[in-house]
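User: I would like to go through the salt bridges, the pockets and the surface of this model with you, one question at a time. Please reason through each answer before you settle on it.

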Amino acid sequence: VLPAMRADFTGYETYQFKPEVPLDVPITAFAGAGDAVVTTEAQREWALHTNSGFDINVLPGGHFFPTTSGRELIHALQIRIAAYLQGQNSTLAG
């Protein structure tokens, strides 16, 4: 666990935003409801990186919510990926 925590904090402390052209794919941000390190409002800044759709999914837990809400996270990812692929298939068919 310690190497993952070190990497997480290193990334948090050293990240510098560099403006780039937004992506043409939707972005879904995931956040822990009780995360005191990265707030839900901070997660909303991901919207700046897409010209397509953006949404945020807040799950129970803190900063390490994937370990406490893993099933909910996987389920949410499955729904979003399936919806995206369905949209891609209808675009290709049309």
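Analyst: Before we count, a salt bridge here is a side-chain nitrogen of Lys or Arg within 4 Å of a carboxyl oxygen of Asp or Glu. Please also keep in mind that this is a predicted model.

User: How many salt bridges does the structure hold?

Analyst: One contact joins the side chains of R44 and E41, at 3.1 Å from N to O, and another joins those of D55 and R80, likewise given as 3.1 Å from N to O. Each distance can be set against the cut-off of 4 Å. The number of salt bridges in the structure is two.

User: Is E41, the partner of R44 in a salt bridge, buried or exposed?

Analyst: The class depends on relative accessible area, where buried means under 20% and exposed means over 50%. R44 has 38% relative accessibility and therefore counts as partly exposed. E41 has a relative accessibility of 53%, so this residue counts as exposed.

User: How many residues apart in sequence are the parts that D55 and R80 tie together?

Analyst: The side chains of D55 and R80 meet in a salt bridge. D55 lies in strand β2 whereas R80 lies in helix α4, so the pair links parts of the chain whose separation in sequence is 25 residues.

User: Which element gives the largest share of the lining of the second largest pocket?

Analyst: This pocket has a volume of about 200 Å³, and its lining includes D55 and R80, the two residues that also meet in a salt bridge. At least two lining residues come from each of β1, β2 and α4. The largest share, four residues, is supplied by α4.

User: How many residues of the lining of the largest pocket are nonpolar?

Analyst: The largest pocket holds about 560 Å³ of space, and of the 16 residues that line it, Y15, V38, A42, Q43 and W46 are the closest to its centre. Helix α1, strand β1 and helix α2 each supply at least two residues of this lining. By class, the lining has two charged residues and four polar ones, while the number of nonpolar residues is ten.

User: What accessible area do the residues of the nonpolar surface patch have together?

Analyst: The patch is formed by V1, L2, M5, F9, Y12, V37 and F64. Among them, M5 is found in helix α1 and is partly exposed, with a relative accessible area of 30%. Taken together, the residues of the patch have an accessible area of about 670 Å².

Definitions and conventions. Residues are numbered from 1 along each chain as its sequence is written. This is a predicted model: local features need pLDDT of at least 70, side-chain atom pairs count only at pLDDT 80 or more; totals for chains, interfaces and linings use all residues. Side-chain values use heavy atoms; hydrogens and water are left out. Patches are made of residues with over 30% relative accessible area and no salt bridge: like charges are joined within 9 Å, nonpolar side chains (Val, Leu, Ile, Met, Phe, Trp, Tyr) within 5 Å. Accessible areas come from the Shrake-Rupley method with a 1.4 Å probe; for residues, only the protein chains shown count as cover. Buried means under 20% relative accessible area, exposed over 50%, partly exposed in between (1.4 Å probe, protein chains only). On a 1 Å grid over the protein atoms alone, a cavity is a set of points where a 1.4 Å probe fits but cannot get out, and a pocket is an open set with protein on both sides within 12 Å along at least five of seven lines; lining residues have an atom within 4 Å of a point. Grid points are joined across faces, edges and corners, and a volume is the space filled by probe spheres set on the points. Ala, Val, Leu, Ile, Met, Phe, Trp, Tyr, Cys and Pro count as nonpolar, Asp, Glu, Lys and Arg as charged, and the others, Gly among them, as polar.
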